[in-house]
Amino acid sequence: MSEQIRALEELARMDAQLKALNDALVEERTRLSTLEKNLAELDARLEREQAGLKATERARGDAQQEARTMSVQIDHSRDKLNRSRTEREQQAAQREVEELRKLIRDKDDDVQKLGVEAESVRAQIEATEGQAKTVRSELDACRGDIEAKVKTLEADHSSTSGGRGALVRALPASLYRKYDALRAKKGTGVTTTTDGTCRACNMALPPQLFHRLSREPSIEQCPSCQRLIYFVAPEPAVKD
Ligand SMILES: [Zn+2]
């Protein structure tokens with residue numbers, strides 16, 4: 001019986017370690033998927049910003065082209081003004097020149113405004129690229145962490161599964177099934193008692209049960225939490 005207790009003890013310890021590693025892995029995977037989502041959002045934002053920049057630059061190019069066309073027109077109008085013979089012709093040409101001058105001024109304002117806008121979009125793109133770069137390197141680090149954890153987990157499984165298998169075989173099949181079912185349901189399948197209470201659920205054990213456990217090595221079940229329970233002798237008191 002004490003052989004079985006030792007096997008059960010070792011099995012519970014091993015399973016707790018594997019569970020901790022598995023939990024860490026799940027946490028890491030959650031972090032990974034959050035980072036991936038953030039990166040996808042940043043990439044989509046970057047795409048929108050780049051499309052915005054393209055449109056702004058196109059509008060600025062168009063405005064510049066229009067301003068150039070008007071400059072050619074104003075040269076024609078100035079020629080007309082110089083060549084005008086009558087006062088009426090002169091006034092008409094003068095009006096044309098003034099109107100074009102105003103239109104060109106407005107166009108130049110547009111070109112300038114669009115230039116400022118493009119500049120600010122460019123700065124925004126740079127900022128977004130910086131953010132994406134940070135997230136990307138975090139992602140790489142996270143992937144590295146996960147790989148390392150999976151390797152540890154696999155190494156633990158292969159080095160201990162031989163050991164785990166031996167431990168499982170050391171237990172009666174019905175006892176192992178109970179252990180495994182409890183572990184699946186409660187996270188741990190084993191508890192101990194030293195002073196008559198269950199270490200897992202803190203309930204007091206019936207006196208006869210505690211008496212039985214402490215008298216000789218045996219494995220029973222805690223009546224309140226159902227975990228497999230065995231007696232562990234108290235630490236010997238240290239004398240001063
Ligand atoms: Zn209990």
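Reading from the N terminus, the elements of this protein run α-α-α-β-α-β-β, and I should say at once that we are looking at a predicted model. In total that comes to four helices and three strands.

Let me take the overall form next. The radius of gyration of the protein is 41 Å, whereas a compact globule of 240 residues would have one near 18 Å. Along its principal axes the C-alpha trace spans about 130 × 40 × 35 Å, and of the 240 residues 12% count as buried. If we take the contacts between residues at least 6 apart in sequence, 71% of them join residues that are at least 24 apart.

The protein is divided into domain 1, covering 25–169, and domain 2, covering 173–231, and the C-alpha centres of these two domains lie 65 Å apart.

Between them we come to Pro-172, whose place is in the loop between helix H2 (87–169) and H3. Is Pro-172 buried or exposed? Pro-172 is exposed, because it has 10 other C-beta atoms within 10 Å, and a residue counts as exposed at 12 or fewer. Pro-172 also stands 8.4 Å from Gln-4, C-alpha to C-alpha, although the two are 168 residues apart in sequence.

After that loop comes helix H3, residues 173–186, and here we can check the length against expectation. At 1.5 Å a residue, the 14 residues of H3 should span 20 Å, and its end C-alpha atoms are indeed 20 Å apart, so the two values agree. Just after H3, Gly-187 takes a positive phi of about 95°.

Now to the sheet. In what order do the three strands lie? They form an open sheet in the order S1-S3-S2, with mixed pairing. The edge strands are S1 (190–193) and S2 (220–221), each of which pairs on one side only. Helix H4, residues 207–215, packs on this sheet and touches S1, S2 and S3, with its direction making about 60° with that of S3.

For the pairing in more detail, S1 and strand S3, residues 228–231, pair in the parallel sense over four bridges. If you would like one position to find on the screen, take Thr-191, whose bridge partner in S3 is Ile-229. As a general reminder, strands of a sheet pair through backbone hydrogen bonds, either parallel or antiparallel.

To gather this up, the picture is of two domains with centres 65 Å apart, and of an open, mixed sheet of three strands on which helix H4 packs.

How values were computed: Residues are numbered from 1 along each chain as its sequence is written. This is a predicted model: local features need pLDDT of at least 70, side-chain atom pairs count only at pLDDT 80 or more; totals for chains, interfaces and linings use all residues. Helices (H or I, at least four residues) and strands (E, at least two) are DSSP runs, numbered from the N terminus. The radius of gyration is taken over C-alpha atoms; the globule rule is 2.2 Å times the number of residues to the power 0.38. A residue is buried if 20 or more other C-beta atoms lie within 10 Å of its own, exposed if 12 or fewer, and partly exposed in between; C-beta atoms are placed from the backbone. Two residues are in contact if their C-beta atoms, placed from the backbone, lie within 7 Å. Domain bounds come from an automatic or database domain assignment. The expected span of a helix is 1.5 Å times one less than its number of residues. Two strands pair if DSSP finds at least two bridges between them. Axes are lines fitted to C-alpha atoms, for helices over the stretch in contact, and angles run from 0 to 180 degrees between N-to-C directions.
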